[in-house]
Amino acid sequence: MTSAKTSSPPAAEPGLDPLALAGRTWSSRLIVGTGKYESYETMQQALDASGAEVVTVAVRRERLINKEGRSLLEFIDTDRYTILPNTAGCFSAEDAVRVARLGREILEQLNNPGAGWVKVEVLHDKKTLLPDPVGTIEATKELVADGFKVLAYTSDDPASAVKIKEAGATSVMPAGSPIGSGQGVLNRNNILLCLELLKEGDAAYPVIVDAGVGSASDVSVAMEIGADGVLLNTAVAHAKDPVMMAHAMRHACIAGRQSYLAGRIPKRLYATASSPWEGAISYIPGE
Amino acid sequence: MPEIRITVNGEPQEVEQGTTLAALIERLGLAGQPCAAEVNKALVPKRDHPSRELAEGDSVELVTLVGGG
């Protein structure tokens with residue numbers, strides 16, 4: 001006798017389709033930063049808990065004095081993670097190109113596959129950290145000509161997102177809200193427009209929401225409106241419990257992707273009952 | 001040997017004339033570590049460090065990877 005009731009374990013998790021990005025496929029759609037952690041040990045555990053395969057780093061001057069401190073690279077398994085160097089702190093295309101080349105040089109020394117790509121940031125000002133779209137386009141063109149795969153951080157403005165794609169970017173990464181602000185996806189219509197315009201006739205073009213995430217639900221929102229991935233740092237690094245938050249981000253990313261693939265119901269003004277009216281023994285007003 | 005004045009990561013330094021980029025990196029205790037170098041805003045790949053002699057007024061940047069988002 002068979003029964004519709006079952007206590008067998010659920011089937012393998014569906015909807016975990018890989019992310020195709022920069023000529024490779026990734027099983028995790030979450031990219032995490034390595035900045036702002038209280039300790040390298042916590043960072044290491046948080047990276048592990050996040051499930052991320054790609055981690056971002058910055059390029060900075062060697063400290064010539066007091067240099068006995070430990071180095072980030074002692075705490076990142078470069079065989080496990082693909083490193084995505086950024087050009088954070090650059091306010092001109094010229095500087096972003098220099099920093100990208102320096103980052104590539106180090107990753108080549110480390111034999112890390114991240115040597116082929118860069119997260120381009122050309123910022124407008126230190127207070128808002130909003131991107132300079134003109135400088136971003138210039139830097140993207142120059143770096144693409146130099147053989148880089150460019151993942152470009154930009155605002156959620158759909159028009160500049162398209163221009164950056166046209167400049168040759170491998171992925172456009174609109175911000176949900178300002179870097180480190182924790183405001184989540186402030187204008188989901190703009191992200192939706194970015195997705196529509198960037199993927200027009202090119203459905204596989206990867207669009208990653210980069211910056212602004214404050215909590216796990218922000219990641220889910222970005223993923224369930226159709227982003228291909230999310231890049232975040234501060235929301236984990238500065239959480240009270242970064243390792244727990246990293247777990248939450250991993251689940252939120254998967255949940256958001258599954259929700260997107262599953263297809264949500266339309267929003268309605270009025271309620272629709274989940275239990276049938278037929279057979280109700282109660283007095284129903286108006287009937 | 002006469003000395004020349006250069007800047008390294010924004011700080012003035014004096015080094016012997018004929019010092020190569022590789023020798024400077026060694027002297028600063030950075031040899032054997034992942035480190036990228038620029039002279040006058042142009043990247044000098046690691047394979048060229050031993051042959052690149054520094055000149056008066058050169059501006060050298062030596063960088064590494066740090067935590068970032």
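This tour moves from chain A as a whole to the place where chains A and B meet, in a model that is predicted.

Begin by selecting chain A alone and colouring by secondary structure, where eight helices and ten strands should come into view. If you orient the chain along its principal axes, its C-alpha atoms fill a box of roughly 80 × 40 × 35 Å. Colouring chain A by burial is a useful next step, since buried residues make up 46% of its 287 residues. A contact map of chain A adds to this picture: among contacts with a separation of 6 or more, 64% are accounted for by residues 24 or more positions apart.

Now bring chain B back and select the contact between the two chains, which takes 30 residues from chain A and 23 residues from chain B. On the side of chain B that touches chain A, the elements giving two or more residues are β3 (36–39) and β5 (59–67) of chain B, and β5(B) gives the most, with seven residues. Recolouring that side of chain B by residue class shows twelve nonpolar, six polar and five charged residues.

Keep β5(B) selected and add strand β4 of chain A, residues 54–61, for a closer look at the backbone. In which sense do these two strands pair, and over how many bridges? β4 of chain A and β5(B) pair in the antiparallel sense, over five bridges. To finish, centre the view on A:R60 and look across to β5(B), where B:T64 stands opposite A:R60.

Definitions and conventions. Residues numbered from 1 in each chain as written. Chains lettered and ligands numbered in written order. Predicted model: local features only at pLDDT ≥ 70, side-chain atom pairs only at ≥ 80, totals over all residues. Contact = placed C-beta atoms within 7 Å. Helix = DSSP H or I, 4+ residues; strand = E, 2+ residues; numbered from the N terminus. Nonpolar A, V, L, I, M, F, W, Y, C, P; charged D, E, K, R; others polar. Pairing = 2+ DSSP bridges. Buried ≥ 20, exposed ≤ 12 C-beta atoms within 10 Å, placed from the backbone.
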